Structure formats: structure tokens, C-alpha cells
Amino acid sequence: MKIDFNNMLEKNVGKHGLTEEQINKMSEKIPMVHRNMNEKKASMAWRSLPYNQKEIVADMKAQAQRINADFENFVVLGIGGSALGSKALFTGTKHLKYNEIPREKRGGVRFYVVDNVDPDGINALLDVIDVKKTCFHVITKSGNTVETMSQFMIVLAKLKEELGDNYKDNIVITTDKENGIMKKISNQYGFKTYTVPDGVGGRFSVLCPVGLLSAAVLNIDIDALLGGAAAMDEACTRENLWENPAYMYALLYCAAMESGVNISVMMPYADGLLNMAEWYAQLWAESLGKHYSNDGSEVYTGQTPVRALGVTDQHSQVQLYTEGPFDKIIAFVDVEEFNTQLKIPMVPIDVMDAAYLQGQTLGKLIASEMRATEYAVTKSGKMNMRITLSRMDAYNIGAMFFLLEMATAAAGELLEINAFDQPGVEEGKIATFALMGREGYEKKAEELNQASDKDDQFIYNV
Ligand code: PA5
């Protein structure tokens with residue numbers, strides 16, 4: 001994988017780029033970042049995931065074999081960090097119309113992720129799957145998340161209705177080792193259960209059973225996935241900033257934030273990587289969007305992530321990127337070698353101006369469009385960078401997950417905030433419990449009712 005930061009610099013993008021002075025100033029903090037990353041390593045248990053899961057991986061492979069032999073569909077139920085990693089893994093490595101190709105070609109079950117409580121969305125899935133022939137992987141680290149609990153209850157009732165008492169094999173749980181309602185449920189029903197290790201937060205959990213069971217069921221090479229992460233770990237634990245891409249990523253983004261660059265766009269030039277951009281959006285937003293710093297002072301820090309798709313968004317958002325404000329960094333992600341070579345054929349067209357396309361590949365076209373957009377964005381003075389994957393495979397996807405996790409953790413250290421909590425999300429979770437009438441949340445319900453006075457003057461009923 002190649003990570004190219006050149007276009008973050010003033011010498012390439014002009015006065016809105018980072019100066020040598022800014023970089024040097026920020027780099028003074030790197031020894032502190034490195035020390036903290038080392039000292040906190042034990043509490044960042046996600047950093048050990050590439051190395052310490054031999055037994056669990058073997059167990060999951062066996063489990064996946066059973067699932068692929070006994071079922072037609074595999075459905076992940078979860079939300080946020082419990083779902084986005086599986087989506088990124090799925091589209092990042094598998095056929096883009098996986099569920100629609102014949103089973104012999106797929107080599108396993110159809111794969112779905114349900115990460116919302118839109119009744120139409122859930123109903124649509126239940127319309128196309130036979131629940132009797134479906135294995136549901138219910139993932140919730142806290143074990144209490146209202147969305148996942150509701151999805152689970154709907155599915156459980158349906159399974160009971162269709163299978164009587166013979167539904168135990170249709171459910172696999174991944175949750176905390178002792179806390180939360182889901183753990184109690186799994187104990188009570190005796191479902192096959194995996195654990196989210198302590199120190200592995202939702203958005204850092206893709207390489208534990210949260211994402212690995214999906215990988216196993218999809219016949220993704222887990223050893224390569226973890227091998228890619230381990231190789232990236234080796235680079236991202238180096239002390240020297242000039243050898244450590246995660247530190248450089250964190251440094252440049254944090255230095256840019258100091259100049260008011262508060263948007264981080266990730267724009268992959270591959271349909272299958274759009275979910276990676278979505279996964280990154282959660283990681284970057286939820287980890288770095290913080291009210292308070294470690295010493296309790298108010299900082300209101302963070303950078304708004306935007307996910308865009310090349311080339312599609314060249315015809316929508318890129319106008320803003322080139323001519324709009326200097327408030328964003330665009331991270332282009334490209335792939336050296338696609339799984340498919342598709343040539344634009346020779347066709348009998350009269351318009352000679354289109355003839356130059358004949359015989360060229362779509363791979364060349366998409367690569368040229370990326371280079372052209374990178375050029376235009378750079379020329380317009382906007383900071384950008386590029387991550388190049390040699391291929392979209394398990395190894396590269398594992399490496400990319402790990403690079404971005406390490407960069408996020410290092411950015412947390414530079415910003416002197418806790419990148420691993422999410423008090424802003426918790427507040428919304430508690431308010432939802434109150435609105436849904438959960439016992440013990442009566443005071444919060446009262447608070448919400450008082451806060452909801454709205455002025456009719458500003459409401460238009462049309
Ligand atoms: O990163 C996080 O911690 C969150 O996005 C969680 O993954 C999300 O809120 C779901 O939580 P849980 O896994 O506890 O159901």
C-alpha cells in the first residue's frame with residue numbers, strides 16, 4: 001500500500017497547504033504521542049487482534065462451515081461499529097452483486113447487514129429471506145443497544161413462529177463477556193456466543209469476532225486479513241515520524257485542523273470501497289469529535305467526515321471541492337489492479353470524437369479520472385492525499401483498517417482527547433430509552449418533554 005501525503009504541503013497546493021514550519025511545530029509532539037501509544041497499548045486491546053486470535057479464528061472457521069452448510073442466508077444485526085466493519089469487509093473483497101450470483105459461484109450463503117430500524121428496510125429483508133434458512137449474527141458490545149435489541153426481538157419472534165423451539169442454531173451472538181442484556185439472553189437460551197474483548201470499542205472491533213465471523217462465512221482469507229493488519233502495525237508502531245504513516249496522517253490532519261480545515265473527505269475510486277469510507281467516517285467522527293480534552297477543558301474538537309465516490313461524485317461534489325472553501329482534506333483512494341479487466345470495445349460509431357475510447361480499459365479510465373481530479377483539486381489549492389491499494393483483497397483491506405485505526409488513535413493523542421469514548425452518542429441512547437418508556441429513565445423523559453417546546457411560528461404545515 002502506498003500513502004502519499006505530498007499534496008498536503010504548501011509547496012504543492014499553495015498558501016492553503018501546510019508549511020514546513022507547521023509540520024515541524026506539530027512534530028515536536030510526536031515523542032509524546034509515541035510514548036502515550038506505548039504506555040496505553042494494553043488498554044488499546046484492538047492493537048493485539050492481529051496476533052492473539054488463533055483459537056477463536058479456528059472456532060469461527062468451523063462455525064462458518066456449519067453456517068454455510070446448513071443455511072441459505074447470513075444476516076448481521078447490529079449498528080455503528082458492530083455493523084460497518086462487516087459492510088466494508090464484504091464489499092471490499094467480494095463480488096459486487098454477491099447475493100445475486102448463483103450459489104456455486106458464491107461458495108456460501110447470501111450475506112446481509114441490517115444496521116437500522118427502518119420498518120420498511122427490515123420488512124423488505126424479511127420479504128426476501130426464509131428465516132428458517134437464515135443464520136442471524138447479533139452483535140452488540142454493550143448488549144443494550146435499542147436498535148439491535150429490537151432487530152433481535154423481531155427476528156426471534158419470527159423464528160419461534162416458523163420453527164417452534166428449534167431455532168437455537170439460527171442465532172449466534174457477539175457481545176461483552178459479562179455485561180448487558182444480550183449476555184443474559186445468550187446465557188438463558190444457550191446460543192453460540194463470541195466475546196468482544198475488553199479494550200476493543202465498537203468502531204475498533206472489526207478485526208475481532210464482530211467482523212471476523214462475517215469474514216469466515218464469506219470465505220475471506222482471515223489469515224491474510226490479519227496479516228495485512230500486522231504488517232501495517234509494524235509500520236505504525238515505529239518511533240520515527242518519517243517511517244510511520246499513521247503518525248504522519250495524524251500530524252498532517254491535526255495541523256490542518258488548527259488552520260480551520262474541519263472536513264475530512266474520503267473518496268475511493270472503487271465501488272467496493274465506499275463502505276470503507278463509511279466505516280472511516282464513523283471511526284474519525286466518533287473518536288475525535290469531543291467537547292472536552294483530557295484535562296477537562298472545553299475544546300469542541302473534531303473533523304466532519306464526508307464519504308464520496310470516484311468517479312460518480314466528480315459530477316456532483318467535486319465542483320465544491322475545487323471551487324469552494326479551503327475547509328477540507330480530500331483523501332483519494334485508488335486501486336492499482338482491479339479484479340476485472342473490462343475493455344471498451346470497438347463499436348461502429350460514426351462520431352469519430354469517441355473513437356479514442358475504443359480498445360482502452362475501464363481500469364485505465366478510472367485511474368485517469370482519479371489522476372485528473374487529483375490534479376484539478378491540487379491546482380485549485382485544496383489539500384489532498386492518496387492511499388493506493390495494490391489490489392482489493394483481504395490483505396490490503398486488513399492493512400487499511402489498521403492504518404486508519406492507528407492514525408485515529410495517534411490523532412487522539414495529538415489532540416489530547418479520549419478517542420475511545422462516545423459520551424455524545426450515549427446521551428442520545430439514554431434519551432431514546434426514556435422516550436420508549438424504559439423503566440428507570442423517567443427523569444430523562446421529563447427533561448425531554450420540557451425541552452421539546454417549539455415555536456409554531458417557525459413551523460410550516462403545507
Ligand atoms: O463505536 C462505538 O462504540 C459505537 O458506534 C457502537 O459500535 C454502536 O453504538 C453500537 O453499540 P453496541 O455494539 O454496544 O450495540
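In the predicted model, Asn-219 is placed in the loop that runs between helix H10 (209-217) and helix H11 (222-236). Although Asn-219 is not a glycine, its phi is positive, at about 55°. A second local feature of the backbone is found at Gly-310 and Val-311, which are joined by a cis peptide bond with an omega of about 0°; Val-311 belongs to the loop between strand E10 (304-307) and helix H14 (318-323). Both features depart from what is usual, because most residues other than glycine have a negative phi and most peptide bonds are trans.

The ligand sits in the second largest pocket of the model. Around the ligand there are 14 residues, of which Ser-82, Thr-140, Ser-142, Thr-145 and Gln-282 come nearest. When the residues of this shell are divided by class, nine are polar, four are charged and one is nonpolar. Oxygen atoms of the ligand take part in several polar contacts, including one in which an N or O atom in the side chain of Ser-142 lies 2.7 Å from a ligand oxygen. The backbone also contributes, as a backbone N or O atom of Gly-81 is 2.9 Å from an oxygen atom of the ligand, and a polar side-chain atom of Lys-429 is found 3.2 Å from a ligand oxygen. The ligand taken alone exposes 380 Å², and 91% of that area is buried by the protein.

The largest pocket, in turn, has a volume of about 640 Å³. Its lining comprises 21 residues, and those that lie nearest the centre of the pocket are Leu-96, Asp-271, Phe-338, Asn-339 and Thr-340. By class, the lining of the largest pocket consists of nine nonpolar, eight polar and four charged residues. Helix H5 (84-93) and helix H15 (362-379) each supply at least two residues of this lining, and H15 gives the most, with five residues.

In addition to the pockets, a search of the whole structure finds three cavities of 30 Å³ or more. The largest cavity holds about 60 Å³ of space and is lined by Val-75, Leu-77, Val-114, Ile-122, Leu-125, Leu-126, Phe-136, Gln-151, Ile-154 and Val-155. Two or more residues of this lining are given by each of strand E2 (73-77), helix H7 (119-128) and helix H8 (146-163). The lining of the largest cavity has nine nonpolar residues and one polar residue, with no charged residues.

The second largest cavity contains about 40 Å³ of space, and the residues that line it are Tyr-269, Asp-334, Val-335, Phe-338, Ile-366, Ala-367 and Met-370. Strand E11 (328-335) and H15 are the elements that give two or more residues to the lining of this cavity, and the largest share, three residues, comes from H15. In terms of class, the lining of the second largest cavity has six nonpolar residues and one charged residue, with no polar residues. Helix H15 thus recurs in the description of these spaces, as it gives the most residues to the lining of the largest pocket and the largest share to that of the second largest cavity. Phe-338 likewise appears twice, being among the residues nearest the centre of the largest pocket and also among those that line the second largest cavity.

Note on methods. Residues are numbered from 1 along each chain as its sequence is written. This is a predicted model: local features need pLDDT of at least 70, side-chain atom pairs count only at pLDDT 80 or more; totals for chains, interfaces and linings use all residues. Side-chain values use heavy atoms; hydrogens and water are left out. A residue is near a molecule or strand if one of its heavy atoms lies within 4 Å of it. A polar contact is a pair of N or O atoms within 3.5 Å; within protein, one must be able to donate a hydrogen and the other to accept it, and residues adjacent in sequence count only if both atoms are side-chain atoms. Accessible areas come from the Shrake-Rupley method with a 1.4 Å probe; for residues, only the protein chains shown count as cover. On a 1 Å grid over the protein atoms alone, a cavity is a set of points where a 1.4 Å probe fits but cannot get out, and a pocket is an open set with protein on both sides within 12 Å along at least five of seven lines; lining residues have an atom within 4 Å of a point. A molecule sits in a cavity or pocket if more than half of its atoms lie within 2 Å of its grid points. Ala, Val, Leu, Ile, Met, Phe, Trp, Tyr, Cys and Pro count as nonpolar, Asp, Glu, Lys and Arg as charged, and the others, Gly among them, as polar. Grid points are joined across faces, edges and corners, and a volume is the space filled by probe spheres set on the points. Helices (H or I, at least four residues) and strands (E, at least two) are DSSP runs, numbered from the N terminus.
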